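This briefing is intended for a structural biologist who wishes to review side-chain contacts and backbone features alongside the coordinates. Please consult the sequence and structure shown here while reading.

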Amino acid sequence: MWSCLVFLTALVPAWALHTPLGRFFPPAPPHRVDAAAGRPLFLTPYIQNGKMQEGRKLSRVTDLQTDVDSYAGLLTVNATHNSNMFFWFFPAKNHAADAPVVLWLQGGPGGSSMFGLFVENGPFSVDAKMRLHPRDFSWHNTHSMLYIDNPVGTGFSFTKSDDGYANNEEDVARDLYSALAQFFTLFDSYQGNDFYITGESYAGKYVPAISYKIHQENPSAKLKINLKGMAIGDGICDPIDQLDYGHFLYNVGLITARDRDMFIHQQNITAQYILQGDYVMASRTFDKAMEEYTSITGLGFVYNYLLQSAPTDFSYYPAFLTSTATRGAIHVGSLVYNNGEEVSEHLEGDIMRTIRGKIVTLLDNDYNVMIYNGQMDVIIDYIGTENFVRKLPWKGQQKFINSTRHIWRVDGEVAGYERHAGALTQVMVRNAGHILPFDQPKWAYDMISRFTSEKRF
């Protein structure tokens, strides 16, 4: 539903596919058993048997048209259901020994984090001819980037049982925590590095869920994860306060006053379902908002209201990722590259639930939290995020409400606006939509670098 994985069928509006709200399911390359790609690499047995050096060596990515150092493989997070999570890890290009480790999670639900890697902030992009190109403002320049297909059933992550799918954020956090604990055991030299969790769109649920889980587990855990903070981009966190499409679309001139009133009526119905605890109906009625947006405006791309359809760049990487050469290099063999439909179906009852309480706990315990939005995003618009952030009942709420908004400049250009109080930072990025690091790569890199280095805007 909440894409962030936008594999495109550019001529098909979002609402015409499996679910509305722009949840694009990819026309993935047809799956085939590919013996030349080798066998999937399951690293959990190496971790359990103390063979860390051998596991790291086997996970190294080679023969991939690039000299970028990286590691990939699968971690078993539930042996009963044979649930496994795929990761791809890139030590920082510069000063990896001291650089922050940043986990990137895509949204969806069911969106592969490989989208973020190839389209948004990874070390390279891919073109229509399946050639890799270095990304100038890759977050990997100064951060060790960890991309995980989350939850199981997403991308190359999989489960062999219907009971293995996540049905709520507690399930998501449970499996992801297992994966992270194993990752930091295998790559133990990074245990002391600052760790940040980031993601966008539906990861507005995932990011607080796993951050809160780490906060809960660390006091008694043998392996403590050095969590410093989290950053949420254009994220759905507290739906009841993020429903106001009517005023937003009216104020930017995309709908009439009559249309605005229709949207407001629809959001009131959705809010009532949320208050009644009928989250499935709330989700289904809320879906209509993006249907109406597309119908009224003729714009089929809900991630940036300046665009009628998605950039073609979004559709290039699946063919590269699922090619024989790439499969062999990243150790996935013939695994299916899932489009996330089953994940989305299992999490339907989670979509309209709030995760506000976990964010409040993290703020009250002084973890750094950054919540940012693209100015041109429709599906998670700035007004909705503003409503949600101002209502967070944390210890610094009033101080944040009274804080001064600052102009943020990058090399003399106005990149956006920032305000902060205590542990909370809010940023609005100018001339950017939902897929923010793609729209404004230089400014997004400056933003995340300031956040992880605790440098003010």
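The points below cover salt bridges, aromatic pairs, a surface patch and backbone geometry.

The model is predicted. The count of salt bridges comes to 17, and a search of the whole structure finds 31 aromatic pairs. Cis peptide bonds include those joining Gly 108 to Pro 109 and Asn 150 to Pro 151.

**Salt bridges**

- Glu 170 and Lys 358 form a salt bridge, with 3.0 Å between the closest N and O atoms. This pair links distant parts of the chain, as Glu 170 belongs to helix α4 and Lys 358 to helix α12 (residues 356-364), 188 residues apart.
- Within this pair, Glu 170 is partly exposed at a relative accessible area of 45%, whereas Lys 358 is buried at 18%. Lys 358 is classed as buried because its value falls under the 20% cut-off.
- Helix α12 also holds Arg 356, whose side chain meets that of Asp 238 in a salt bridge of 4.0 Å, N to O. Asp 238 is in the loop between β9 (227-233) and α6 (245-251), and the two residues, 118 residues apart, link distant parts of the chain.
- Arg 356 is partly exposed, with 31% relative accessible area, while Asp 238 is buried, with 3%.
- Arg 456 and Glu 418 meet through their side chains in a salt bridge of 3.1 Å, N to O. Because Arg 456 lies in the segment after α16 (441-452) and Glu 418 in strand β13 (residues 413-421), the pair ties together parts that are 38 residues apart in sequence.
- The Arg 456 side of this bridge is partly exposed, at 39% relative accessibility; Glu 418 is buried, at 1%.
- Asp 171, Arg 174 and Asp 175 are joined into one network by salt bridges that share partners.

**Aromatic pairs**

- Which arrangement do the rings of Phe 89 and Tyr 190 adopt? Their planes are at 85° and their centres 5.1 Å apart, so the pair is edge-to-face.
- Phe 89 is in strand β2 (residues 83-90) and Tyr 190 in the loop between α4 and β8 (195-200); the pair links distant parts of the chain, 101 residues apart.
- Both partners of this pair are buried: Phe 89 has 0% relative accessibility, and Tyr 190 has a relative accessible area of 11%.
- The rings of Phe 118 and Phe 124 have centres 5.8 Å apart and planes at 45°, so this pair is tilted. Phe 118 is buried at 2% relative accessible area, and Phe 124 is buried at 3%.
- Phe 118 and Phe 124 also belong to a cluster linked by ring pairs. Its other members are Trp 88, Phe 90, Phe 115, Tyr 147, Phe 301, Tyr 303, Phe 314, Tyr 317, Phe 320 and Phe 438.

**Surface charge**

- Asp 162, Asp 163, Glu 342 and Glu 345 form a negative surface patch.
- Asp 162 is located in the loop between β7 (154-155) and α4 (169-186). Asp 162 is partly exposed, at 47% relative accessibility.

**Backbone geometry**

- Most residues other than glycine have a negative phi, and most peptide bonds are trans.
- The cis peptide bond between Gly 108 and Pro 109 has an omega of about -5°. Pro 109 is in the loop between β3 (101-105) and α3 (114-121).
- For the cis peptide bond joining Asn 150 and Pro 151, omega is about -10°. Pro 151 is in the loop between β6 (144-148) and β7.
- Asp 63, although not a glycine, has a positive phi of about 60°. Asp 63 lies in the loop between α2 (52-59) and β1 (71-78) and is exposed, at 71% relative accessibility.
- His 95 is another residue other than glycine with a positive phi, near 55°. His 95 sits in the loop between β2 and β3, where its relative accessible area of 68% places it among exposed residues.

Conventions. Residues are numbered from 1 along each chain as its sequence is written. This is a predicted model: local features need pLDDT of at least 70, side-chain atom pairs count only at pLDDT 80 or more; totals for chains, interfaces and linings use all residues. Side-chain values use heavy atoms; hydrogens and water are left out. Patches are made of residues with over 30% relative accessible area and no salt bridge: like charges are joined within 9 Å, nonpolar side chains (Val, Leu, Ile, Met, Phe, Trp, Tyr) within 5 Å. Accessible areas come from the Shrake-Rupley method with a 1.4 Å probe; for residues, only the protein chains shown count as cover. Lys and Arg count as positive and Asp and Glu as negative; His and the chain ends are not counted. The place of a charge is taken as NZ of Lys, CZ of Arg, CG of Asp or CD of Glu. Helices (H or I, at least four residues) and strands (E, at least two) are DSSP runs, numbered from the N terminus. Buried means under 20% relative accessible area, exposed over 50%, partly exposed in between (1.4 Å probe, protein chains only). Rings of Phe, Tyr and Trp (its six-membered ring) pair if their centres lie within 6.5 Å; planes under 30 degrees apart count as stacked, over 60 as edge-to-face and the rest as tilted.
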